[in-house]
Amino acid sequence: MRLAKVISGGQTGVDQAALDVAIEKGLLHGGWCPRGRRCEAGTIPQKYRLSPTESVEYDVRTERNVIASDGTLVLHWGPLSGGTAWTVECLEKHGKPFFLVDLQRSDDRAKFELVRHWLRQQRIAVLNVAGPRASCHSDIGRLAGDFLRQLWDPPVAVPSATKTSSTQP
């Protein structure tokens, strides 16, 4: 069985790239976003099937997405900071599996196999994808999208027992 769903918070950069590639690849997508569908560019586009939290704070939606997923793929550029560092703190707090990919070094084909192996080993059916917003690195959305297209081509298979969470949006 393949990856069942991709979730993300809808912020510019990595979040929206992950949702766009999920849509392209025919994967279910969703996640939590701040009340009012707030992002640094204004409002998160309606094409993304996101559920607003009760709060306008980004930290709230980040933690909700960590909880709602089976694990998180963190795509970043260099040292972790800001919301990306907060995501890892939430992952550790909730004991959730995660895999860090520094996109500065992502051209190694072995990296794709390592991520695919992690997805299978951890039985990730609902994958949270997180990373920096566009204002942190102007090209991060394109880089994340390119990485995910290669990662999900062919689509990722997960073991037959699909895990779902009652807290997922």
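# Notebook: rings, sheet and helices

**Entry 1, charges over rings.** I looked up R38 first and found that its charged end sits over the ring of Y58, 4.1 Å from the ring centre. I note here that the model is predicted. I then turned to R64, which lies over the face of W32 at 3.8 Å from the ring centre.

**Entry 2, aromatic pairs.** How many aromatic pairs does the count come to? I recorded 2 aromatic pairs. F99 and W118 form an aromatic pair with 5.8 Å from centre to centre. The planes of F99 and W118 stand 50° apart, and the pair is classed as tilted. I placed F99 in strand β8 and W118 in helix α4, residues 109–121, so this pair ties together parts that are 19 residues apart in sequence.

I also asked whether F99 is buried or exposed. The relative accessibility of F99 is 16%, and the cut-off for buried is under 20%, so F99 counts as buried. W118 is buried as well, with a relative accessible area of 7%.

**Entry 3, the sheet.** In which order do the strands of the open sheet stand? I traced 5 strands in the order β2-β1-β9-β7-β8, with parallel pairing. At the edges I found β2 (28–30) and β8 (98–102); each has a single partner strand, so one side of each is left without a neighbour in the sheet. On average, neighbouring strands of this sheet are turned by 25° against each other, direction ignored.

I next examined how β8 is joined to β7, residues 71–76. The two strands run parallel, and 5 bridges join them. Within this pairing, L75 has V101 in β8 as its bridge partner.

**Entry 4, helices across the sheet.** I followed helix α1 and saw that it lies across β1 (5–7), β2, β7 and β9 (126–130). The direction of α1 is at about 140° to β9. Helix α2, residues 58–68, lies across β1, β7 and β9, and runs at about 150° to β9.

**Entry 5, burial of α1.** Why is α1 described as largely enclosed by the rest of the structure? The helix spans residues 14–24, and 8 of its 11 residues are buried, so the description follows from that count. I listed the buried residues of α1 as V14, D15, Q16, A17, A18, L19, V21 and A22. After α1 comes G26, and I noted that its phi is positive, near 75°.

Methods: Residues are numbered from 1 along each chain as its sequence is written. This is a predicted model: local features need pLDDT of at least 70, side-chain atom pairs count only at pLDDT 80 or more; totals for chains, interfaces and linings use all residues. Side-chain values use heavy atoms; hydrogens and water are left out. Buried means under 20% relative accessible area, exposed over 50%, partly exposed in between (1.4 Å probe, protein chains only). Two strands pair if DSSP finds at least two bridges between them. Axes are lines fitted to C-alpha atoms, for helices over the stretch in contact, and angles run from 0 to 180 degrees between N-to-C directions. Contact means heavy atoms within 4.5 Å. Rings of Phe, Tyr and Trp (its six-membered ring) pair if their centres lie within 6.5 Å; planes under 30 degrees apart count as stacked, over 60 as edge-to-face and the rest as tilted. A charge sits over a ring if NZ of Lys or CZ of Arg is within 6 Å of the ring centre and within 35 degrees of the ring normal.
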